[in-house]
Amino acid sequence: MPTPTLLVLDAEPLPRLGRLTGHARIEHTDAAGLAAHLPRADVLLVWDFTSRAVRDAWPGEGPRPRWVHTASAGVDHLMCPELAASDTVVTNARGIFDQPIAEYVAALVLAMAKDLPRTLEFQRERTWRHRESHKIAGTRAVVVGSGPIGRAIAHTLGALGITTALVGRAARPGVHGPEDLDRLLARADWVIAAAPLTNETQGMFDARRFGLMQPSARFVNIGRGRLVVEDALAEALAKRWIAGAALDVFEAEPLPSDSPLWQAPDLIVSPHMSGDTIGWRDELGAQFVELFEQWVAGEPLKNVVDKQRGYVPGH
């Protein structure tokens, strides 16, 4: 096989691809140059996984990469009708973020139950104010999204004594189908959004769904920003329909400074960092190199995305 051309859609810091020296002709581009480079690339590594440049630059007919890998769990930022209809294989970074995100969700649950944001606020004010906090053992959680991240969240919350129900695209042993979601929301103390962004999940957490939740419930989104109707969440918090929320992903990122979410009561805002632990970029790079070596050897690739569904099936 001729030496394949690997095109990298860059973001700093660049991936460590030294193991591919002599095995690939590596080219780099930014978003502006992507369209010009794509026709001569055999493989595209979307290292800048926040960019939507692939959607705009993907060629309809003619030469195009045979394989696209994104260094992220979600693929909505690159999927377009032309890519979905092509024979190009798409893979993602499934497996890298599962446990870090699960730990982050557990930290948010503990922080909200134990009122840690207010404790830190009172500390800065030098105010001594005793309060009572919530016990989380024995409470109920619903995790929407039954993939590896959702399952890791359920396992980690279970270790804290939280009874957790998983909701997926279809019912199967251990997983509820969408038809059970409203009933589960009405009983949940914790609602965790961990679903991929698809036509079915976009805007699924709207005013009606927040209205179903208990006044004592708290909502966490570590999935995709557009799973949530943000104005509806801000209203639900302002009107005390729910007790609190934590968002790590947003419809627009960075979150605009004039967004009402900054001032929403009992809302924790974090900058899309739930899966990003020290060394995570090196893990992403090593994962891609392993996949590339499999691809060159003609072995079946792991983490192949169903381009119609928008995620890796089989979970």
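Colleague: What makes you say that α4 and α6 meet in this predicted model?

Modeller: Contact is taken as heavy atoms within 4.5 Å, and by that criterion Asp98, Gln99, Ile101, Ala102, Val105, Ala106 and Val109 in α4 meet Pro148, Ile149, Ala152, Ile153, Thr156 and Leu157 in α6. The residues of this contact divide into 10 nonpolar, 2 polar and 1 charged.

Colleague: Why is α4 called oblique to α6?

Modeller: Helix α4, residues 98–113, and helix α6, residues 148–159, pack at an angle of about 45°, their axes being 8 Å apart. Angles under 35 degrees count as roughly parallel and 65 to 115 as roughly perpendicular, with those between falling to the oblique class, and therefore α4 is oblique to α6. The crossing of the two helices is right-handed.

Colleague: What makes β2 and β5 the edges of the sheet?

Modeller: The open sheet has 5 strands in the order β2-β1-β3-β4-β5, with parallel pairing. Because β2 (25–29) and β5 (89–91) each have a single partner strand, one side of each is left without a neighbour in the sheet. From one strand to the next the twist averages 20°.

Colleague: How do you know that β1 and β3 pair?

Modeller: Pairing requires at least two bridges between the strands, and 4 bridges join β1, residues 5–9, to β3, residues 43–46, so the requirement is met, with the two strands running parallel. Within this pair, Leu6 stands opposite Val43 in β3.

Colleague: Which helix packs on the sheet, and how is its direction related to that of β4?

Modeller: Helix α10, residues 280–296, packs there, touching β1, β3, β4 (67–70) and β5, and its direction makes about 165° with that of β4.

Technical notes
Residues numbered from 1 in each chain as written. Predicted model: local features only at pLDDT ≥ 70, side-chain atom pairs only at ≥ 80, totals over all residues. Heavy atoms only, no water. Axes fitted to C-alpha atoms, helices over the stretch in contact; angles between N-to-C directions. Parallel < 35°, antiparallel > 145°, perpendicular 65-115°, else oblique. Left-handed = near helix turned anticlockwise from the far one by under 90°. Nonpolar A, V, L, I, M, F, W, Y, C, P; charged D, E, K, R; others polar.
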